[in-house]
Amino acid sequence: MTTRSTRSPRRRTVVALAVVLAVLAGFIVRLVDIQVVNADDHIKDSLDVAFAGEQTLYGTRGAIVDTNGQTLAGSILRYDCQLSPLLITQIDEQVLAGESDDRLWADVSNDVAEITGQTPEEVRAIVGAALAEDPNSQYAVLKKGVSTEQFRALADLETPYIACVSHPARTYPDGAVAGNLIGFVGADGTPLESLEQSQNACLAATNGTRTYEKGKDGVVIPGTERETPATDGGTLQLTIDRDLQWYMQQLIAEQTQTMAAQRGAILVYEVKTGKVRAAAEYPTVDPNDFAAAPVKDRTSSIFTDWFEPGSTFKGLTAATVIDAGGQTPSSTVVASGLEGFDGGARVRDSFQHPAYTYTLTGVLIDSSNAGISKFSQKVDKQTRYDYFTRFGIGKGTASGYPGEGQGLIYPADQWGAQTTLNTSFGQGVTTTMPELARAYGAIVNGGMKMPLQIIESCTKADGTVVEPDVAEPERVISEGTSAQMREMLENVFLQAPYAKTVAIPGYRLGGKTGTGEKSDGQGNYKAGVYYTTMVGFAPADDPEYVVVVTLDEPTKVTSSAANATAFQKAMTQVLKTYRVMPSTTSPELLPKFG
């Protein structure tokens, strides 16, 4: 039997237990609210306190690769290494007191110096200078940009006072190969030149962050870490063939120096696709050490510089008068070494000769200025202007190279009597190597002008492939005109004085040379100074490649013959690289005179 006296304590016990349980339930509800329901908000608030930490997660800048996927520019890890001068002195004191088996800094610094490439005195001076400024210094820069191999060697020393922080860095494994095209980035990763800069939207990475909360002892508090991942850059693929580019750079460096020229360049253009397979020049730049090159050598002069094309332009004039003027390779004019024309215009050939009855083929073989001037009168000057611009002269090529230059050709209604004739043989007009290569590509490719490309695609980090917008192929001349031009240009390389120098056994090829005068910047031409050009194609019966070789102010040989050896070697290598089969047909020799 329960009495009143026993019921009261029980009641109090139950009430007390209920209160305890209620309070405990309240704590549990609050704990769930803090750690589960609103955990993200509370962690976000906690990261604003003094002990919040943040770490940058570096994305990797995308690679630049050649047409075969070989790396031309890539990213690697570099390390910035630092020292704790205070810890060094503390360990040295312990060693000297017999309290530690560690090595003295005087000995360790010798190993450090050998790894980093510094002298022991330089390494010890870093610590000495830091302690002189602050006896309690815990930070001094040992060396920045240390390689992975050096970092691992430093780690193997097992010293507590050396710490290294990693960061991505740019590397160009083949040095100067395609350096003028690729460009370079600065020490801080900022793109500074050429494709590295203009294609940054493809290549650039987006850095991420890692945030966390630390206790007073610096230990990261579990569960407080939050990460925004980095996004790597895309892969930029070029149309350039790395191995062919390397060969052409060695070749043009040799030819430029042999001919004592200021500059030299070789451009390899694929006729049926419009893709550039090599764009080699000398001098060039090694992007790994771009500061060693003069500023003017850090970009691609192939794509930025213009010049007077000289007699290579006679090929464009010949194609025009065949296509629009009813002429043929055997059509004739009478021309002497010096001819006068209406309006007081006068045209002189590079050699003296009596009046010859030249065929159009003969005019190209002998490169007669007077002869091509007479043929140019078979069409009106506006028609010639229209054809030149349809070939792409003065229009640029939209290749994808930043700051690409373009030639200059004035409207036909601004041509005076002399300019009307001069433009027929490449004076009073300028062009660029890409414009000239594309124009000759159109002449020999059945009359179709292909869009010139140096960029194949950009593959984003998520696998999306973005191809550049390119123009549609355009017909400039008829297939019949193209066939006749191939035949005539082949005869140029068969019958010109330099024929044996450019010949490649087993292959048919054709082309044209040009010796352009250079302006002095004051409206006159420099005396005895030339810009020489040789443009050719192979095989002549079914053209696949156009090669352009230029030399700026050669002095050993001042005519376009200076380019012949380099052209022959360049075209030979192109045919080998792409395994172009030798010709199985024979050319037809055309007459020079009627």
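Glu158 counts as exposed, because its relative accessibility is 71%. In this predicted model, Glu158 also has a positive phi of about 55°, although it is not a glycine. The structure holds 20 salt bridges, and two of the pairs described below share Glu196. The points that follow cover backbone geometry, helix packing, salt bridges and a surface patch.

**Positive phi values**

- Glu158 sits in the loop between helix 6 (148–156) and strand 5 (162–171).
- Ala178 is another residue other than glycine with a positive phi, here near 65°. Ala178 belongs to the loop between strand 5 and helix 7 (179–182).
- The two residues differ in their cover: Ala178 counts as buried because its relative accessibility is 2%, whereas Glu158 counts as exposed at 71%.
- Gly326, just after helix 12, takes a positive phi of about 70°.

**Cis peptide bonds**

- The bond from Tyr282 to Pro283 is cis, and its omega is near 0°. Pro283 is part of the loop between strand 10 (276–282) and helix 11 (301–304).
- Ala538 and Pro539 are also joined by a cis peptide bond, with omega of about -15°. Pro539 lies in the loop between strand 20 (525–538) and strand 21 (545–552).

**Helix 12 and its surroundings**

- Helix 12 spans residues 314–325 and is mostly covered, with nine of its 12 residues buried.
- The buried residues are Lys314, Gly315, Leu316, Thr317, Ala318, Ala319, Thr320, Val321 and Ile322. A lysine, Lys314, is thus listed among the buried residues of this helix.
- Several helices and one strand receive these buried residues: they pack against helix 13 (360–366), helix 14 (369–376), helix 15 (381–390), helix 17, helix 18 and strand 19 (510–519).

**Helix 17 against helix 18**

- Helix 17 (residues 433–444) packs on helix 18 (residues 479–495) at an angle of about 110°, and the axes are 7 Å apart.
- Angles of 65 to 115 degrees count as roughly perpendicular, and helix 17 and helix 18 are therefore roughly perpendicular to each other.
- On the helix 17 side, the contact is made by Tyr440, Ile443 and Val444. On the helix 18 side, Ser482, Met485, Arg486 and Leu489 take part.
- Both helices are also among the elements against which the buried residues of helix 12 pack.

**Salt bridges at Glu196**

- Side chains of opposite charge can pair when their charged atoms come close.
- Arg61 and Glu196 meet through their side chains in a salt bridge, at 3.1 Å from N to O. Arg61 is in the loop between strand 1 (52–57) and strand 2 (64–65) and Glu196 is in helix 8 (residues 194–198), so this pair ties together parts that are 135 residues apart in sequence.
- Arg170 also forms a salt bridge with Glu196, with the closest N and O atoms 2.9 Å apart. This pair links distant parts of the chain, Arg170 being in strand 5 and Glu196 in helix 8, 26 residues apart.
- Glu196 counts as buried because its relative accessibility is 0%. Its partner Arg61 has a relative accessible area of 13% and is buried, since buried means under 20%. Arg170 is buried as well.

**Other salt bridges**

- Glu479 pairs with Arg475 in a salt bridge, the closest N and O atoms lying 3.8 Å apart.
- Glu479 counts as exposed because its relative accessibility is 56%. Arg475 has a relative accessible area of 37% and is partly exposed, a class that runs between the cut-offs of 20% and 50%.
- A network of salt bridges links Lys518, Lys526, Asp552 and Glu553.

**Nonpolar surface patch**

- Leu17, Leu21, Leu24 and Ile28 form a nonpolar patch on the surface. Together they have about 390 Å² of accessible area.
- Leu24, one of the patch residues, is found in helix 1 (residues 4–37).
- Leu24 counts as partly exposed because its relative accessibility is 46%.

Terms used:
Residues are numbered from 1 along each chain as its sequence is written. This is a predicted model: local features need pLDDT of at least 70, side-chain atom pairs count only at pLDDT 80 or more; totals for chains, interfaces and linings use all residues. Side-chain values use heavy atoms; hydrogens and water are left out. Patches are made of residues with over 30% relative accessible area and no salt bridge: like charges are joined within 9 Å, nonpolar side chains (Val, Leu, Ile, Met, Phe, Trp, Tyr) within 5 Å. Accessible areas come from the Shrake-Rupley method with a 1.4 Å probe; for residues, only the protein chains shown count as cover. A salt bridge is a side-chain nitrogen of Lys or Arg within 4 Å of a carboxyl oxygen of Asp or Glu. Helices (H or I, at least four residues) and strands (E, at least two) are DSSP runs, numbered from the N terminus. Buried means under 20% relative accessible area, exposed over 50%, partly exposed in between (1.4 Å probe, protein chains only). Axes are lines fitted to C-alpha atoms, for helices over the stretch in contact, and angles run from 0 to 180 degrees between N-to-C directions. Angles under 35 degrees count as roughly parallel, over 145 as roughly antiparallel, 65 to 115 as roughly perpendicular and the rest as oblique. Contact means heavy atoms within 4.5 Å.
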